[in-house]
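Student: Please take a close look at the nonpolar core of this chain. I would like the surroundings covered as well.

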Amino acid sequence: MTREIGFIYEYVTEQDKKNVVERQLAELEASHFSMTLIEPSKLKESQQHIQWRQQKLAIENTIKKLRETKRMMFTGEEE
């Protein structure tokens with residue numbers, strides 16, 4: 001049983017919810033990995049590097065939040 005997140009779903013099962021969270025985490029981790037392969041030069045492309053770093057940090061923060069959501073939904077544990 002998942003922890004309630006404030007909305008009652010009539011057609012989305014507990015397994016559907018777990019699959020969605022896990023799929024989103026996999027996509028975000030793949031995006032993060034892809035970004036690490038294309039890091040712009042800090043010296044030659046400083047503006048692009050700043051934007052790249054901001055995007056990478058945003059993905060990292062989203063992954064952390066989604067992992068916590070998954071933990072709360074499926075184990076009832078909070079950090």
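Tutor: The accessible surface of the chain comes to about 6400 Å² (Shrake-Rupley method, 1.4 Å probe; for residues, only the protein chains shown count as cover). Carbon and sulfur atoms hold 53% of that surface. The model is predicted: local features need pLDDT of at least 70, side-chain atom pairs count only at pLDDT 80 or more, and totals for chains, interfaces and linings use all residues. Residues are numbered from 1 along each chain as its sequence is written, and side-chain values use heavy atoms, with hydrogens and water left out.

The chain has 2 helices and 0 strands (DSSP runs, numbered from the N terminus: helices are H or I, at least four residues; strands are E, at least two). Of its 79 residues, 20% are buried (under 20% relative accessible area, 1.4 Å probe, protein chains only).

Now the core. A nonpolar core is a set of buried Ala, Val, Leu, Ile, Met, Phe, Trp, Tyr and Cys residues joined through side-chain atoms within 4.5 Å. The largest one has 9 residues: V21, L25, L28, M35, W52, I59, I63, L66 and M73. Helices α1 (14–37) and α2 (46–75) each supply at least two of them. α2 gives the most, with 5 residues.

Take M35 in this core. Leaving out residues up to four places away in sequence, M35 touches W52, Q55, K56 and I59 (contact: heavy atoms within 4.5 Å).

K56 lies in helix α2. K56 counts as buried because its relative accessibility is 17%. With the sequence neighbours up to four places away left out, K56 touches H32 and M35.

Across the chain, 59% of the contacts with a separation of 6 or more join residues 24 or more positions apart.

Methods: Buried means under 20% relative accessible area, exposed over 50%, partly exposed in between (1.4 Å probe, protein chains only).
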